[in-house]
Amino acid sequence: MTVESTATRKPRRSSKRVGAKKTRAGQPELVQLLTPEGERVEHPDYAIDLTPEELRGLYRDMLLTRRFDAEATSLQRQGELGLWASLLGQEAAQIGSARALRDDDYVFPTYREHGVAWCRGVDPSNLLGMFRGVNNGGWDPKSNNFHLYTIVIGSQTLHATGYAMGVAKDGADAAVIAYFGDGASSQGDVAEAFTFSAVYNAPVVFFCQNNQWAISEPTERQTRVPLYQRAQGYGFPGVRVDGNDVLACLAVTRSALERARSGEGPTLVEAFTYRMGAHTTSDDPTRYRQDEERVAWEAKDPIARLRAYLEREGFADEAFFAEVDEESEALGKRVRDAVRAMPDPDPMAMFEHTYADGHALVDEERAQFAAYQASFAEEEN
Ligand SMILES: Cc1ncc(C[n+]2csc(CCOP(=O)(O)OP(=O)(O)O)c2C)c(N)n1
Ligand SMILES: [Mg+2]
């Protein structure tokens with residue numbers, strides 16, 4: 001334990017420039033390393049050199065995550081889950097950023113980070129307990145350095161900032177990453193997290209998946225400037241990355257984590273992507289957005305572009321793709337079976353853990369509910 005304050009941490013080494021260039025028209029430029037057609041392009045600030053095996057690994061991660069997500073949506077439609085928040089379209093943003101992490105880094109997710117959970121080694125079936133309503137989380141955050149899903153929009157950015165300040169005070173060189181959405185960027189908690197992390201030089205990366213929608217609110221309702229530019233006002237760098245390009249997301253997040261680790265403070269990464277499906281299974285996006293928009297983003301699909309690249313370069317053959325497809329079917333079945341086998345909790349258990357000690361109101365509600373439950377038993381007799 002060191003007494004050195006986070007505010008006095010000095011950079012140990014200089015980092016690469018983290019920033020976005022302007023196009024000629026003055027529009028912000030995305031960091032991109034793989035075009036939608038699957039062509040590899042270079043970026044002056046973000047070099048990446050992956051082996052064919054590593055590239056195939058990213059493809060496998062994205063495909064299995066998508067398959068798991070589709071299975072969860074189907075399970076909700078079959079009445080096995082109460083709700084599901086799909087990550088369809090956001091696979092590259094999540095897999096790319098999460099594969100940049102080290103085991104000792106710590107992740108604060110929202111409720112849609114199924115791809116990040118996958119990379120952290122959380123069993124996919126464990127993600128479903130909360131959505132089935134049989135537990136309050138389903139995994140031990142400490143086992144995988146992956147915090148529980150957070151529904152209260154933006155609050156986890158403050159948790160991440162506080163945690164990162166603690167990491168720095170401990171003298172560790174781990175980094176923290178907070179995931180949040182374009183809608184969350186309007187929350188006061190996020191503004192506070194930006195301020196605290198900046199002035200305390202906290203080793204945290206703010207990874208905003210701008211999927212263009214916050215339920216039915218478009219990003220235009222959240223901001224007048226591109227979201228990544230917000231960071232400038234707080235005094236740390238912001239960068240916009242093509243959120244459907246797994247290589248760019250990996251390279252940019254890696255660079256931001258390196259900055260954090262080397263004592264240079266926070267970075268805001270805006271992954272420009274698209275929510276291809278509904279907000280959740282309770283939502284009908286045809287009520288508020290045009291299908292042409294979705295169709296346009298379909299052409300930028302993150303998995304198709306990596307596959308095109310792998311095929312073009314001869315880094316993967318038909319046997320590989322067939323094997324991953326087979327693996328994905330097995331994953332679907334495993335998750336299906338696991339969900340159906342989840343034991344129903346004792347209904348009275350919902351009154352536990354609300355408060356550490358007893359609470360008069362909870363005691364009253366428990367007694368009322370117990371009497372209500374007992375009334376069914378009497379009817380049956
Ligand atoms: C503090 C708070 N306000 C409102 C809500 C209701 N709510 C749930 S999801 C959501 C939209 C979030 O949008 P965004 O941050 O863009 O994330 P996305 O769902 O697109 O991944 C809202 C308003 C909430 N969960 N918490
Ligand atoms: Mg959003």
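E318 sits out in the open here, counting as exposed at 54% relative accessibility. Its side chain meets that of R307 in a salt bridge, 3.9 Å from N to O. E318 belongs to helix α12 (residues 318–340) and R307 to helix α11 (residues 302–313), so this pair ties together parts that are 11 residues apart in sequence. R307 itself is partly exposed, at 24% relative accessibility. Keep in mind that this is a predicted model. The rest of the briefing runs through the other salt bridges, the magnesium site, the nonpolar cores and helix α6.

**Salt bridges**

- The count comes to 24 salt bridges.
- Side chains of opposite charge can pair when their charged atoms come close.
- D61 and R99 pair up through their side chains, with 2.7 Å between N and O. That bridge links distant parts of the chain: D61 is in helix α1 (residues 52–77), while R99 is in the loop between α2 (91–98) and β1 (106–108), 38 residues apart.
- The two partners sit in unlike surroundings: D61 is buried, with a relative accessible area of 4%, whereas R99 is partly exposed at 37%.
- E217 and R221 form another bridge, and their closest N and O atoms are 3.2 Å apart. Here E217 is partly exposed, with a relative accessible area of 31%, and R221 is exposed at 61%.
- There's also a network of salt bridges, which links R67, E71, E329 and R336.

**Magnesium site**

- Which residues donate to the magnesium ion (ligand 2)? On the protein side they are D182 (through OD), N211 (through OD1) and W213 (through O), lying 2.1 to 2.2 Å from the ion.
- Along the sequence, the spacing of these donor residues reads D-x28-N-x1-W.
- D182 and N211 link distant parts of the chain, 29 residues apart: D182 is in the loop between β2 (176–181) and α7 (188–199), and N211 is in the loop between β3 (204–210) and β4 (213–214).
- Both of those side-chain donors are tucked away, as D182 is buried with a relative accessible area of 1% and N211 is buried with 5%.

**Nonpolar cores**

- In soluble globular proteins, nonpolar side chains tend to be buried together.
- The largest nonpolar core has 67 residues, and the members that touch the most others are Y59, L128, L247 and L306. Helix α9 (residues 246–261) gives this core its largest share, 10 residues.
- What does L306 touch, leaving aside residues up to four places away in sequence? Its contacts are L34, L55, L58, Y59, M62 and V246.
- A second core, separate from that one, has 23 residues, among them V190, A202, C208 and L227.

**Helix α6**

- Helix α6 covers residues 155–169, 15 residues in total, and reaches 22 Å from its first C-alpha to its last. That's close to the 21 Å expected at 1.5 Å a residue.
- Buried residues in α6 are S155, Q156, T157, A160, T161, A164, M165, V167 and A168.
- What covers those buried residues includes β1, β2, α7 and β3.
- Just after α6 comes G171, which takes a positive phi of about 80 degrees.

Definitions and conventions. Residues are numbered from 1 along each chain as its sequence is written. Chains are lettered from A and ligands numbered from 1 in the order in which they are written. This is a predicted model: local features need pLDDT of at least 70, side-chain atom pairs count only at pLDDT 80 or more; totals for chains, interfaces and linings use all residues. Side-chain values use heavy atoms; hydrogens and water are left out. Donors are N, O and S atoms within 2.8 Å of the metal (3.2 Å for Na, K and Ca); water is not among the atoms, so sites may look incomplete. Helices (H or I, at least four residues) and strands (E, at least two) are DSSP runs, numbered from the N terminus. Buried means under 20% relative accessible area, exposed over 50%, partly exposed in between (1.4 Å probe, protein chains only). A nonpolar core is a set of buried Ala, Val, Leu, Ile, Met, Phe, Trp, Tyr and Cys residues joined through side-chain atoms within 4.5 Å. Contact means heavy atoms within 4.5 Å. A salt bridge is a side-chain nitrogen of Lys or Arg within 4 Å of a carboxyl oxygen of Asp or Glu. The expected span of a helix is 1.5 Å times one less than its number of residues.
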